[in-house]
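I opened the model to look up how its helices, strands and cores are arranged. My entries follow in the order in which I made them.

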Amino acid sequence: MAENFTPTSLPRRGAKIPVDIYEAPKGNLQSLVVGKFIDNKRYPLWQIQQWVVSWETRGRVEVSQDHDVYYLFFHNPRDWDIFVGQHNTLNFKGSLLLLRPWSYTMSYKSINFSATGLWVKAEGIPFILTSEEFATKIFGTAGGVLDIDGTPNSQAPQRFLRARVWTQLGKPLVPGCYIEYEPDKLLWVDFKYEGVFHFCKKCGVIGHNTAECRKSWDEADQDLNERIVAYSPPYEVVFGQANHQLYTNKIRGLRIHQLFVQLKLTFSPSLTSVNMVPVYPAF
Ligand SMILES: [Zn+2]
C-alpha cells in the first residue's frame, strides 16, 4: 500500500483490455510524422501539401490537417527513415514547424510540442576555448545539450562552436552568456538559433513578433530572468549594462534566405544511412 494512502484517496481502477498490437489496423501510420507550427501564423493545407510535393522523395508524401496539427504520411518507408533521422524541425515561410515521428503509443494527447532540439551556435569564442567540455558548459546555459557539432578539441581555430540543444519553446531564448576569461574580465558571447526567423525581440519567444507581444517589458524581463536562473547553476548570473538591447537579429543562426526560410528537401537516392548530420550547411 502506498504510504500516502488516506481513506479519502481511493486508488484508480479499471478493466484491463489486452491489445495485440499486430491486429490493430495500422495502415500507413508507421510512416507518419506529426507537425505543428510554433507560430501564431496558420497555413492552409493546400500550401503545406504544395510545399511537400516539391520535395524530392522516393515516394509520395501526403498531408492532412486537424486544426493546428498536420499529419505527414510518407508512402516510402525509406523516405520516412531518412526524414525522421535528420529533421526534428522544418521551416515554412520562416515559421518553425515542430515534428514528431510515429511511435507505438502516439496519440493526439501524448504528443508534446513544448520543446525541441535546436542547433545553436556561439560566436566570438576565443580560439583557445574549443574543448567539448567548454562547449557543453556554455550551451548548457541554453538548455540540455544533445550533440556537439564540429571538431571540438581540435587545435585549429574555429569560427564558432555549435551544438544541438533541447530548447523549451514558449519560453525566452537564452541570448548568450558571459565568459570570464580572466578573473573579473568578462566577454559576452551571442547564441544564434538555427531555424528561428520569426521571434519576438521583446520577450525572446519564438512564433510572434514584437508588435504582437502581449507581455509588458516587466513581465518579459522577469520571464527571461527566471529562464536564465533556471539553467545557470552552478554559475553566477551576471548583469551587464542597462539599456542594452538584449534581443536582436543576431539570434538568427542563419541568413534570411529562401533556402533556409523555407526548406526544400532532397532525399538523395545515394543516401543509404540515417545519421544526425546537421540539416543546414555551416557558413
Ligand atoms: Zn513577445
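Entry 1, helix α2. I asked which strands the buried residues of α2 pack against. In this predicted model, they pack against β1 (32-37), β2 (61-66) and β3 (69-74). The helix covers residues 77-86, and I noted Asp-79, Trp-80, Ile-82 and Phe-83 as its buried residues.

Entry 2, the chain as a whole. I recorded 5 helices and 10 strands. The chain has 283 residues, of which 24% count as buried. I then turned to the contacts with a separation of 6 or more: 63% of them are between residues 24 or more positions apart.

Entry 3, the nonpolar cores. I found that the largest nonpolar core has 35 residues, and that Val-120 and Phe-139 have the most contacts inside it. The elements giving two or more residues to this core are β4 (89-92), β5 (95-101), β6 (115-123), α3 (132-139), β8 (160-168), β10 (185-193) and α4. With 4 residues, β6 gives the most. I also asked why this core lies between domain 1 and domain 2. Domain 1 (26-103) and domain 2 (115-255) both give residues to the core, so it lies between them. For Phe-139, I listed contacts with Val-120, Val-145, Ala-163 and Val-165, leaving out residues up to four places away in sequence. I noted a second, separate core of 8 residues, which includes Val-33, Tyr-70, Leu-72 and Ile-82. Ile-82 is also among the buried residues of α2.

Entry 4, the sheet. I traced an open sheet of 5 strands in the order β7-β8-β6-β10-β9, with antiparallel pairing. Its edge strands are β7 (144-148) and β9 (176-182), each of which pairs on one side only. Direction ignored, neighbouring strands of this sheet are turned by 35° against each other on average. Between the antiparallel strands β6 and β10 I found 4 bridges, and I noted Lys-192 in β10 as the bridge partner of Lys-121. Helix α3 lies across β6, β7, β8, β9 and β10, and runs at about 145° to β7.

Entry 5, Ile-251. I located Ile-251 in the loop between α4 (217-231) and α5 (258-261). Is Ile-251 buried or exposed? Ile-251 is buried, because 22 other C-beta atoms lie within 10 Å, and the cut-off for a buried residue is 20 or more. Beyond its neighbours within four places in sequence, Ile-251 is in contact with Leu-173, Pro-175, Lys-192, Tyr-193, Val-196 and Phe-199. Pro-175 is 76 residues from Ile-251 in sequence, yet the C-alpha to C-alpha distance is 6.8 Å.

Note on methods
Residues numbered from 1 in each chain as written. Predicted model: local features only at pLDDT ≥ 70, side-chain atom pairs only at ≥ 80, totals over all residues. Buried ≥ 20, exposed ≤ 12 C-beta atoms within 10 Å, placed from the backbone. Contact = placed C-beta atoms within 7 Å. Core = buried A, V, L, I, M, F, W, Y, C linked by C-beta atoms within 7 Å. Domains from an automatic or database assignment. Pairing = 2+ DSSP bridges. Axes fitted to C-alpha atoms, helices over the stretch in contact; angles between N-to-C directions.
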